[in-house]
Amino acid sequence: MVTTESTRDTIRQAAAGAHECHRPATDSSLPAARGYTGRQHSYLNRLRRIEGQVRGVQKMVADDRWCPDVVNQLAAVTRATEEVAAALLDDHVRHCVLEAARDSSEAGQALMDEVAATIRQVIRL
């Protein structure tokens with residue numbers, strides 16, 4: 001299943017009626033309230049470490065290092081980014097989807113459909 005932009009908009013509109021995960025209703029000047037907001041600093045630190053790993057792989061290639069060593073480091077980078085993605089998705093489900101489902105089964109279902117589409121896209125089904 002490929003999620004188009006219009007499908008995403010429909011899902012977001014259905015979910016917004018029950019639970020506003022994207023922006024508090026009281027003050028539109030506030031930044032968006034995301035499921036990962038409480039752990040944002042941790043995610044940024046992890047992403048900076050991954051950025052350092054990528055720079056290390058670039059240096060390995062520039063230094064003409066042995067191919068299997070480079071590939072192993074690339075696999076480590078891939079695994080690290082997958083861990084961040086899985087944690088972000090977990091935060092989304094626990095924050096946005098759960099709250100939407102508590103407010104409205106229709107909104108919860110819409111967000112679960114979005115999560116399923118995201119998983120399909122990531123694993124390329």
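The expected span of a helix is 1.5 Å times one less than its number of residues. This rule will be applied at the second stop of the tour. The model on the screen is a predicted one.

**The whole chain**

Begin with the entire protein in a cartoon view. It has 4 helices and 0 strands, and reading along the sequence gives the pattern α-α-α-α. Of its 125 residues, 19% count as buried. Now switch on the surface: the accessible area comes to about 8600 Å², and carbon and sulfur atoms account for 55% of it. Among contacts between residues at least 6 apart in sequence, 56% join residues at least 24 apart.

**Helix H2**

Next, select residues 40–62, which make up helix H2. How far apart are its end C-alpha atoms? They are 33 Å apart, and this agrees with the expected span of 33 Å because the helix has 23 residues at 1.5 Å a residue.

Within H2, show the side chains of Tyr43, Ile50, Val57 and Met60, which are buried. Against which helix do the buried residues of H2 pack? Their partner is H3. A general point helps in viewing any such helix: an α-helix has 3.6 residues a turn, so residues three or four places apart point the same way.

Then move to aspartate 64, which follows H2 and has a positive phi, near 60°.

**Helix H3**

Select residues 67–103, helix H3, and find aspartate 91 within it. Is aspartate 91 buried or exposed? Its relative accessibility is 7%, so it counts as buried, the cut-off for buried being under 20%. Display tyrosine 43 together with aspartate 91: a polar contact of 2.6 Å joins their side chains. Tyrosine 43 is one of the buried residues of H2 already visited.

Remain in H3 and select leucine 74. With 41% relative accessibility, leucine 74 counts as partly exposed, because that class lies between the limits for buried and exposed. Add glutamine 58 to the selection: 16 residues along the chain separate it from leucine 74, and the C-alpha atoms of the two are 10.0 Å apart.

**Helix H4**

Finally, select residues 105–123, helix H4, and locate valine 122 there. Valine 122 has a relative accessibility of 56% and therefore counts as exposed. Which residues form a nonpolar patch on the surface with Val122? They are Ile119 and Ile123, and the three together have about 270 Å² of accessible area. Displaying these three side chains on the surface completes the tour.

Technical notes. Residues are numbered from 1 along each chain as its sequence is written. This is a predicted model: local features need pLDDT of at least 70, side-chain atom pairs count only at pLDDT 80 or more; totals for chains, interfaces and linings use all residues. Side-chain values use heavy atoms; hydrogens and water are left out. Patches are made of residues with over 30% relative accessible area and no salt bridge: like charges are joined within 9 Å, nonpolar side chains (Val, Leu, Ile, Met, Phe, Trp, Tyr) within 5 Å. Accessible areas come from the Shrake-Rupley method with a 1.4 Å probe; for residues, only the protein chains shown count as cover. A salt bridge is a side-chain nitrogen of Lys or Arg within 4 Å of a carboxyl oxygen of Asp or Glu. Helices (H or I, at least four residues) and strands (E, at least two) are DSSP runs, numbered from the N terminus. Buried means under 20% relative accessible area, exposed over 50%, partly exposed in between (1.4 Å probe, protein chains only). A polar contact is a pair of N or O atoms within 3.5 Å; within protein, one must be able to donate a hydrogen and the other to accept it, and residues adjacent in sequence count only if both atoms are side-chain atoms. Contact means heavy atoms within 4.5 Å.
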